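Please explain how this chain is organised, beginning with its overall burial and continuing to its charged pairs and one of its pockets.

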Amino acid sequence: MSIADKQRSLLPTPYSLLPILFVLLSCVTVEKQAERLAPRRSTVEIRFDDIRQQVSENPVKAIDLIGSYRETYRITGDESEANDLLALEQEAVDNLRTVLEEAIAEERWDDATSYSRSLASIEPEAAMRERELILAGAKKKLTTGNTLGAFLAAVQAHEFSPLSPEDAIFFLERAAAVKQRRTAAYFLSIIEQAGGRVPAEIREYARGSDTVADMLKGVATVIVDRGIRIERGRSFPDRMGGSAFFIDASGLMITNYHVIESRVDPTHRGNTRIYIRMGDSTSPRIPVRVIGWDKALDLALLKTEYTPEFVFSIVDWVIPQVGDTVLAIGSPGGLEKTVTSGIVSALSRRFLQIGGVYQIDAAVNPGNSGGPVVDTSGRLVGVVFAGIAQYQGLNFAVPARRLVAALPAMMEGGKAERPWLGMTLSETFSGAEIIYVAPNTPAARHRVPEGSLIKSVNGHEIRASQGLLIPALQDSIFQSRPGELVALETETANGGLGRRLIMTVPRPEIPLADAAKLDSRERIAAPLFGIILSPGVGKSLSSTYQVRKIVRGSIADEASISDQDSINIRGFRIFEKEGFAVMEIDIKKRSMGYLETTMQLPAWLDSPDTF
């Protein structure tokens, strides 16, 4: 017998494997039988297992689940179950401290800062450490060549507490080296206020000024080529134009999202190419690519290999006053290097999902979108984003401070994700009232009560002048990452206070689109149209409702609907692609002697009052 025959003789035959297979199948059968005979696990047991798993894997999520569990099952401090939750919560907090220290040891400063913010929502004294982490991250970014990120982080650290002269000169020297005069001036002022000393040559450069002619060298015409458009059997070039301006010597530029939307919108059919042109129509086209974008703020970050002759500072920006003179620079109608002047007409117009925008009367036309708005000293005021075609002179700009806050997320690449809790707010004389909590959101899971007022966010009472309270609340979490903890304190109408630790999630592109599809049309009337309903008196089986409250400044308010009016909802349609919804109602207005009329109420789905 050959060696190969001997080896084959040692292999098991199919028949010899049968006993082994029988034993294995018997084991599986026994396990399955035992599983079927075991009592069903309760929802409580399943949720506890989820919490235990997250305690080690994601302590922030575990803390969020514990808070949600308490609200769902109304756990009191006298139960053994409450003690188990406290033990798990303490373990999760300890693990959060551990991952924070690991991030610091590995010099992952952005991650460390994020963990620090979550920890500070639990232990307010930990908030001061955030400044140290941001500053450490700024210095590392500078040494690795990320000049823009370094300057942004240094400013953020300075807003916590003033930089030392030694730290400020570290950034001042870099700003002078990359020819960013306004940025150098910002750090010079910090050093001079602290009594520090600066080399004469750098001080002289920082105190100088840039001319409008200099600034023109930092503005480009954006050309978006979408190929060929076919209309009625004829083909036409499908192109649009805009403006952009350099914010870093590496070739990073800012423009509007709507200018480059076709390049990043997955629903767009066709191939889009984007170029810039630094001079007139005879100048060469320079390819650019989209780095990141923020649709909610109509901003986009571009990158080109061109080395700019001038860079706009996003550090030494300014909040203007109504009546201040401003300059808008761009390429209206493709007429490159156009400068127009005007004044700031208003400071807070609610045209975007988050915050307010400036209204300016400087001449702005198609092609200006994405260009810079500066004051007479050359400081950045904002980014042109829109005008109203039928009303000349009504033009708008995204505030520079919004751009600065939005940039870190856009620099990470792709769609910038913003945190949200899932609520719609109304500004009242008493404060910010929660008029609606959307289903399947963090606020819904934590049972945040509708009708309550927000007292504080992360231990800070948010104060703002009339009309600016909701933007101020949005600002309080704007720069944090989705997935961080937020400490939310609320007060109900009867004076009851509630404090919840809630983990934020990414803000939906159209915040109320999902809610409009998931929730009842009676409830969605509150965030969309400003109508808060209650059942009709004595008509529990009827579809007629009574208006309990009208949100001030809402669509219903503009339509002269008032409290105690009687409403029957006839229809509700969502036009998601177009971004709006329409509700048809029969209404008996108190002001009209309860004479019944029919009305149609339209509303945008991207409400600016969500939080």
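A residue is termed buried when its relative accessible area is under 20%, exposed when that area is over 50%, and partly exposed in between. In this predicted model, buried residues account for 49% of the 611 residues in the chain. The chain contains 19 helices and 26 strands. Among contacts between residues at least 6 apart in sequence, 59% join residues at least 24 apart.

Side chains of opposite charge can pair when their charged atoms come close. The whole structure holds 36 salt bridges. One of them joins Arg418 and Asp294, with N and O 2.8 Å apart. Because Arg418 lies in the loop between β14 and β15 and Asp294 in strand β6, this pair ties together parts 124 residues apart in sequence. Arg418 is buried, at 5% relative accessible area, and Asp294 is likewise buried, at 2%.

A second pair, Arg402 and Asp475, meets at 2.7 Å, N to O. Arg402 belongs to helix α14 and Asp475 to helix α16, so the salt bridge links parts 73 residues apart in sequence. Here Arg402 is buried, with a relative accessible area of 2%, whereas Asp475 is partly exposed, at 32%. A network of salt bridges also links Glu106, Arg108, Asp111 and Arg481.

The second largest pocket encloses about 1100 Å³ of space. It is lined by 34 residues, and Asp475 is among those closest to its centre, together with Phe160, Ser476, Ile477 and Gln479. Elements giving two or more residues to this lining include α14 and α16. By class, the lining comprises 17 nonpolar, eight polar and nine charged residues.

Conventions: Residues numbered from 1 in each chain as written. Predicted model: local features only at pLDDT ≥ 70, side-chain atom pairs only at ≥ 80, totals over all residues. Heavy atoms only, no water. 1 Å grid on protein atoms, 1.4 Å probe; cavity = no way out; pocket = protein on both sides within 12 Å on 5 of 7 lines; lining within 4 Å. Points joined across faces, edges and corners; volume = space filled by probe spheres on them. Helix = DSSP H or I, 4+ residues; strand = E, 2+ residues; numbered from the N terminus. Nonpolar A, V, L, I, M, F, W, Y, C, P; charged D, E, K, R; others polar. Buried < 20%, exposed > 50% of the residue type's maximum accessible area, 1.4 Å probe, protein only. Contact = heavy atoms within 4.5 Å. Salt bridge = Lys/Arg side-chain N within 4 Å of Asp/Glu carboxyl O.
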